[in-house]
Amino acid sequence: MQQPSIIKISNLTKRYASGFEALKGVDLEIRRGEIFALLGPNGAGKTTLISIVCGIVNATEGKVTADGHDIVTDYRAARAAIGLVPQELTTDAFETVWDTVTFTRGLFGKPKNPAVVEKVLRDLSLFEKKDSQLRQLSGGMKRRVMIAKALAHEPRILFLDEPTAGVDVELRRDMWDLVRQLREDGVTIILTTHYIEEAEEMADRVGVINHGRIILVEDKAELMRKLGKKQLTLQLPQALGEIPAALAGYDLALGQGGTALVYTYDTHAAHSGIPALLRDLDAAGIAFGDLATSQSSLEDIFVSLVSERP
């Protein structure tokens, strides 16, 4: 059964004094308890969208509700439902880890609860550093502190804006373990990422934004099924200078210096065309040794989507 929406965005527009429209009538709903990946090139509007939902930037037009609360008319309740891990590391260098996370919890009107703070720090492998000043921490540890601050008030929605940009592989793995655990605890996760393989691994649904418009929202598995292409690569014993005219009717490309012939086909077409291709290769006197198939990744799909649309 499909979960109800925890975030509803309707006709969201952001127009600056210069006339530039960062968002153009965005409609989007995020389901309760899902991991939603928002993908888009730099300048597409991802951070603007997140900033409006989190109450940092004011929209020009449109309506947003978070956990049933309007982000303008019921600002406090809406903001209390949301945790945000921004791209930029902004912390008071001389505060301790424990104090900054505790202080952030208090900002949302939550009573002191050392047990919650301790759990958050332990989940992020920060507890051993609880008495360290932030200026003494590595970049990766500071990133963990930003996540701890976002979780300190026990939000039901967590925004992660490029959370693993510039962090080491170990932290990235720890963070995704944490994200999975949060989702199991009922937290809804919305992330933007440049590491599309992370979205491919983690997300339940994917949204693609480009030039301020949502151009696609789809279940990840369905997106891969609909838009995924397969490639058949044939290794040739002798290099070809060009594709013979007799094979012009196929979607073929030469690779590896002419020693590989790559055939792209639709995985869901009634016929793949492979038997006919192999017959025509034989008729053209083109032998091949090994062959292999591969399927396009989410990254391939994303690149094709944003390059196709103005």
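# Chatting through the strands, cores and salt bridges

Analyst: Strands S1 (residues 5-15) and S4 (residues 61-66) pair in the antiparallel sense, with five bridges between them. Keep in mind that this is a predicted model.

User: OK, and in S4, what's the bridge partner of Lys8?

Analyst: Thr65 is the bridge partner of Lys8 there.

User: What order do the strands have in that open sheet?

Analyst: The order is S2-S1-S4-S5, so to speak a row of four strands, and the pairing is antiparallel. Strand S2 (21-31) and strand S5 (69-70) are the edge strands, each pairing on one side only.

User: Which strands does helix H1 lie across?

Analyst: Helix H1 (residues 46-53) lies across S1, S2 and S4. Its direction is at about 115° to S1.

User: Switching topic. How many salt bridges does a search of the whole structure find?

Analyst: The search finds 13. One to look at is Arg15 with Glu21, whose side chains meet at 3.2 Å, N to O. Arg15 also forms a salt bridge with Glu61, where the closest N and O atoms are 3.3 Å apart.

User: Where do Arg15 and Glu61 sit in the chain?

Analyst: Arg15 is in strand S1 and Glu61 is in strand S4, 46 residues apart, and the pair links distant parts of the chain.

User: Are those residues buried or exposed?

Analyst: In between. Arg15 is partly exposed, with a relative accessible area of 35%. Glu21 is partly exposed at 25%, and Glu61 is partly exposed at 35%.

User: Got another salt bridge for me?

Analyst: Sure, Lys130 and Asp131: their side chains meet at 3.2 Å, N to O. Lys130 is partly exposed, with a relative accessible area of 24%, while Asp131 is exposed at 58%.

User: Which residues are joined into one network by salt bridges that share partners?

Analyst: Arg15, Glu21 and Glu61.

User: Let's go to S8. Why is strand S8 described as largely enclosed by the rest of the structure?

Analyst: Because five of the five residues of S8 (residues 188-192) are buried. The cut-off behind that word is a relative accessible area under 20%.

User: Which way do its residues point?

Analyst: Thr188, Ile190 and Thr192 point one way from S8, and Ile189 and Leu191 point the other way. All of them are buried.

User: Which strands pair with S8?

Analyst: Strand S3 (residues 35-39) pairs with S8 in the parallel sense over four bridges. Strand S7 (residues 157-161) also pairs with S8 in the parallel sense, over five bridges.

User: And what does Leu191 face in those pairings?

Analyst: Leu191 is the bridge partner of Ala37, and Leu160 stands opposite Leu191 too.

User: How many residues are in the largest nonpolar core?

Analyst: That core has 43 residues, and Leu121, Leu158 and Ile189 are those with the most contacts inside it. Helix H5 (residues 139-151) gives the most to this core, with seven residues.

User: Any other core?

Analyst: Yes, apart from that one lies another core of 26 residues, among them Ile9, Leu12, Leu23 and Leu49.

User: Back to Leu158. What does Leu158 touch?

Analyst: Leaving out residues up to four places away in sequence, Leu158 touches a list including Gly83, Leu84, Val85, Ala150 and Leu151. Also on that list are Leu182, Val187, Thr188, Ile189 and Ile190.

Definitions and conventions:
Residues numbered from 1 in each chain as written. Predicted model: local features only at pLDDT ≥ 70, side-chain atom pairs only at ≥ 80, totals over all residues. Heavy atoms only, no water. Buried < 20%, exposed > 50% of the residue type's maximum accessible area, 1.4 Å probe, protein only. Helix = DSSP H or I, 4+ residues; strand = E, 2+ residues; numbered from the N terminus. Pairing = 2+ DSSP bridges. Core = buried A, V, L, I, M, F, W, Y, C linked by side-chain atoms within 4.5 Å. Contact = heavy atoms within 4.5 Å. Axes fitted to C-alpha atoms, helices over the stretch in contact; angles between N-to-C directions. Salt bridge = Lys/Arg side-chain N within 4 Å of Asp/Glu carboxyl O.
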